[in-house]
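Here's a quick briefing on a ligand site, put together with a computational chemist in mind. Have a look at the structure first, then go through the points below.

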Amino acid sequence: MWRKIVVKKTLTAASALLVGVTALAGCGDSDASGGDGKIVMGFAQVGAESGWRTANTESIKQSAEDAGFELKFSDAQGKQENQIKAIRSFIQQKVDVIAFSPVVETGWDAVLQEAKRAGIPVILTDRAVDSEDTSLYETFLGSDFVLEGEKAGEWLVENAAESDVDGDGDINVVQLEGTTGAAPAIDRAEGFASAIEADPSIEVTASQTGDFTRDGGKQVMESFLNSEDGIDVVFAHNDDMGLGAIEAIEAAGLEPGVDVKIITVDAVRDGMAALAEGKINFIVECNPLLGDQLMDLAEQVLDGEEVPERVVTEETTFTQEQAAEVLPDRKY
Ligand code: GZL
Ligand code: ZN
């Protein structure tokens with residue numbers, strides 16, 4: 001009898017201890033891993049403003065699924081305060097890692113300090129923040145937007161002769177800027193401006209934000225066509241604004257790609273189709289397929305491995321001939 005009770009008691013105590021530990025372990029992680037050991041990532045996305053963003057979101061979601069992550073995803077509809085709210089909620093939920101694409105460069109230090117104090121690593125994807133304190137995030141995975149602007153400007157310098165459509169000796173460029181304050185808008189404008197310095201006949205005569213949307217590009221292009229004389233070239237910071245500009249140019253009875261040269265950035269399917277049919281003249285690729293690299297980086301960070309502070313995405317450029325060739329195989 002004694003032996004049985006002791007054993008029973010011991011077993012009971014042991015099993016209680018075991019349950020306690022499991023529960024503790026579980027409850028310590030249950031906010032984070034839902035108890036099934038999965039890595040939980042909170043991702044705060046900019047919005048759904050463009051074809052690029054849609055492809056980027058699909059890549060993040062697919063890669064999280066492939067990597068066996070639990071993904072908590074929020075769409076900020078382009079508002080910084082919504083992204084900050086989402087990050088705060090990820091902190092409260094004790095996710096394992098936070099990733100986001102900052103809609104604008106400024107105003108992130110406070111919420112990133114909160115994540116740091118909560119011991120939750122942060123990975124920047126796509127767009128950068130201007131925080132001086134690089135300890136606020138583990139790494140920044142995304143394109144070099146200044147280089148993208150330079151590639152666009154270099155193409156125009158190399159193709160200056162046939163870009164002076166009105167033959168007045170000046171190449172007048174109107175610029176459709178991305179979202180005001182966003183890293184790609186700031187940096188693409190900077191890279192483009194530095195590249196066209198090589199040819200003084202090229203000048204940006206007007207520049208305004210179309211907020212990376214097709215409708216924004218169309219409205220701004222309509223106003224440029226009314227207010228600017230001798231437009232030779234449009235430089236749009238993304239395909240979607242370039243496609244909007246095409247609508248405005250055609251509505252004005254002009255032939256896009258011929259009467260007005262168009263250079264854009266992204267190389268999403270709709271942009272590449274317009275390039276292949278001659279309505280756009282040159283596209284600088286900006287690769288949205290960041291999902292796999294993001295999940296790899298998150299695993300390395302959570303395994304305590306060193307990750308590079310900056311991971312630059314691979315991307316290229318396309319002429320009209322190249323677009324026609326690659327269009328059938330484009331993933332996005
Ligand atoms: C660039 C990305 C930009 C795209 C736009 O990495 O942030 O935002 O160029 C998108 O199409 O809206
Ligand atoms: Zn001209």
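Start with the polar contacts: in this predicted model, the side chain of serine 50 has an N or O atom 2.9 Å from an oxygen atom of ligand 1. Arginine 188 and aspartate 266 also have side-chain contacts with the ligand, and both are listed below.

**Polar contacts**
- For arginine 188, an N or O atom of the side chain lies 2.8 Å from an oxygen atom of ligand 1.
- For aspartate 266, the corresponding side-chain N or O atom is 2.6 Å from an oxygen atom of ligand 1.

**Burial**
- On its own, ligand 1 would expose 320 Å², and the protein buries 100% of that.
- As for where it ends up, ligand 1 sits in the largest cavity.

**Who's in the shell**
- Helix H2 (51-66) and helix H7 (183-196) are the elements that each put two or more residues into the shell around ligand 1.
- Count them up and you get 13 residues around ligand 1, with Glu49, Asp126, Arg127, Arg188 and Asp266 as the closest.
- Sorted by character, the shell has five nonpolar, two polar and six charged residues.

**Domains**
- Why does ligand 1 lie between domain 1 and domain 2? Domain 1 (2-142 + 288-311) and domain 2 (145-286) both give residues to the shell, so ligand 1 lies between them.

Terms used: Residues numbered from 1 in each chain as written. Chains lettered and ligands numbered in written order. Predicted model: local features only at pLDDT ≥ 70, side-chain atom pairs only at ≥ 80, totals over all residues. Heavy atoms only, no water. Near = heavy atom within 4 Å. Polar contact = N/O pair within 3.5 Å; in protein donor to acceptor, adjacent residues only side chain to side chain. Areas by Shrake-Rupley, 256 points an atom, 1.4 Å probe, with all protein chains shown as cover. 1 Å grid on protein atoms, 1.4 Å probe; cavity = no way out; pocket = protein on both sides within 12 Å on 5 of 7 lines; lining within 4 Å. Sits in = over half its atoms within 2 Å of the grid points. Helix = DSSP H or I, 4+ residues; strand = E, 2+ residues; numbered from the N terminus. Nonpolar A, V, L, I, M, F, W, Y, C, P; charged D, E, K, R; others polar. Domains from an automatic or database assignment.
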